[in-house]
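Trainee: Please give me a close look at a single part of this structure. I want to know what surrounds it and how it fits into the rest.

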Amino acid sequence: MSATGHQAQLAEAMGVTPGPVSQIENTVRRRFMMEKGNSGFSETGLRRMREVLGRHVESGKIPGLVALVSRGGETHVEAIGTMRHEGGAPMRRDTIFRMASTSKPVAMAAAMVLLDECRLRLDDLVDQWLPELADRQVLKRIDGPLDDTVPARRPITVRDLLTSTFGLGMDMTALGAPIMGAIFEQGLTPDLPEPMPGPDEWMRRLGTLPLMYQPGERWQYQISHDVLSVLVARVTGQSFETFLRERIFDPLGMKDTAFHVPADKIDRLPALYAPDAQTGEFHVWDEAEGGRWSKPPAFQGSGGGLVSTVDDYHAYFQMLLNGGTHGSERILSRPAVELMTTNRLTPEQNAARNAMATNNVHLSFGQGQHGGWGMGMAVRTYRGDYASIGQFGWDGGSGTSTYADPDKQLTGILLTQVGMSAPNSARLIHDFWTTLYQAIED
């Protein structure tokens, strides 16, 4: 579709007569909702941010987006574009998105509640709840055969799972190695054509594999978060979602956050697209009706299974900025929040993650250049772009980005329906954060 066609599509979604770009931009500004407060954002900076977001949608590479920025009691929400690539219903403030890996910072709170209540301890061995992970073998070489192993030097602890250092995970630089092939063949990741099996079967399959590295040796992505889902369920005797709902979602008013979208809300869930990396052609990865999130999953995975809205996520990240409180209610202790949102990795543990972010940008699209990792989220430990040191949060492969900044006391949330099979949504995310920080006045 031509740029003019996309401009007309955008205008139709916003309820205005197609016209010059300036007319659409003016309507975007009128739709930019503001609550009273003194945020320290400049009008010029916010205008630039709105224009840049609108430009990404007008390009035709991003069908729609919803963005929320908050500072000093003032909240701005932007809804631009349409639910589908070919048009249709407009994006709305309450549109529900697949959060992908931005599930990690939120789902981690379940484990932190158990730490607060001493139902888990950081250095507890996980064997008593997860016997599938007892008596581990470890590969001698990351690219070696699965039976060329040595015994693990020590058992896996809760701390190893919380910091993603238990020894097994997704390593996109090791594609083609037998261990990565086995992870895919066993259906242990959420992005395969077949959904993951139920938690007990998933753990059984996981237990047949050796570790890639010794426990505590190296940061490894993704799998530790899904193991935590099983751990929380077994410790509490409840489903992972039930515990999250009782202790996190309901107290924070996160009414649209769940592991699936019920039928009476399915019209608020857009299709999820995975553009062709070479041609840019839009392919539907998951439809709303009849898709993966239209019914409860067999596995409630904290690595990437949640759906949510900008307002729900704002409530959660604002709670973290508040040191664990929401209004008069305490959700997490301040020390728990500090553990989550400050760097927990040694330079040796973090080396592979930094290498992935800086030396393999063609795989990561520039994501992950933060310098540190807390529990469930990245933490900025150096000033590598516009964001402050101490900013925490994460990005998702479905085109989502959620961070809070304690230094600037701001929250930013950007949600799209365009997966990162191509860099389009990653570029949008980078531009969102650049323009958000340049809009700070004080």
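Mentor: Start with the second largest cavity, whose lining is made of Lys104, Ala107, Met108, Ala111, His225, Leu228, Val232, Phe240 and Ser302. This is a predicted model, in which local features need pLDDT of at least 70, side-chain atom pairs count only at pLDDT 80 or more, and totals for chains, interfaces and linings use all residues. Residues are numbered from 1 along each chain as its sequence is written, and side-chain values use heavy atoms, with hydrogens and water left out.

A cavity here is a set of points, on a 1 Å grid over the protein atoms alone, where a 1.4 Å probe fits but cannot get out; lining residues have an atom within 4 Å of a point. The whole-structure search finds three cavities of 30 Å³ or more. The second largest holds about 40 Å³. That volume is the space filled by probe spheres set on the points, which are joined across faces, edges and corners.

Now the wall. Six of its residues are nonpolar, two polar and one charged. In this count, Ala, Val, Leu, Ile, Met, Phe, Trp, Tyr, Cys and Pro are nonpolar, Asp, Glu, Lys and Arg are charged, and the others, Gly among them, are polar. Helix 4 and helix 8 (223–236) each supply at least two lining residues. Helix 4 gives the most, with four. Helices are DSSP runs of H or I with at least four residues, strands are runs of E with at least two, and both are numbered from the N terminus.

Follow helix 4 (residues 103–116) outward. Ten of its residues join the largest nonpolar core, the largest share of that core. The core has 84 residues, and those with the most contacts inside it are Leu130, Trp202, Val227, Tyr316 and Leu332. Such a core is a set of buried Ala, Val, Leu, Ile, Met, Phe, Trp, Tyr and Cys residues joined through side-chain atoms within 4.5 Å. Buried means under 20% relative accessible area, with a 1.4 Å probe and protein chains only.

Helix 4 also meets helix 11. The buried residues of helix 11 (residues 334–341) are Ala336, Val337, Met340 and Thr341. They fall within an arc of 120° seen down the axis, so they line one face of the helix. The arc is taken from the directions from the helix axis to the C-beta atoms. These buried residues pack against helix 4, helix 10 (310–321), strand 14 (378–380) and strand 15 (392–396).

Conventions: Buried means under 20% relative accessible area, exposed over 50%, partly exposed in between (1.4 Å probe, protein chains only). On a 1 Å grid over the protein atoms alone, a cavity is a set of points where a 1.4 Å probe fits but cannot get out, and a pocket is an open set with protein on both sides within 12 Å along at least five of seven lines; lining residues have an atom within 4 Å of a point. Contact means heavy atoms within 4.5 Å.
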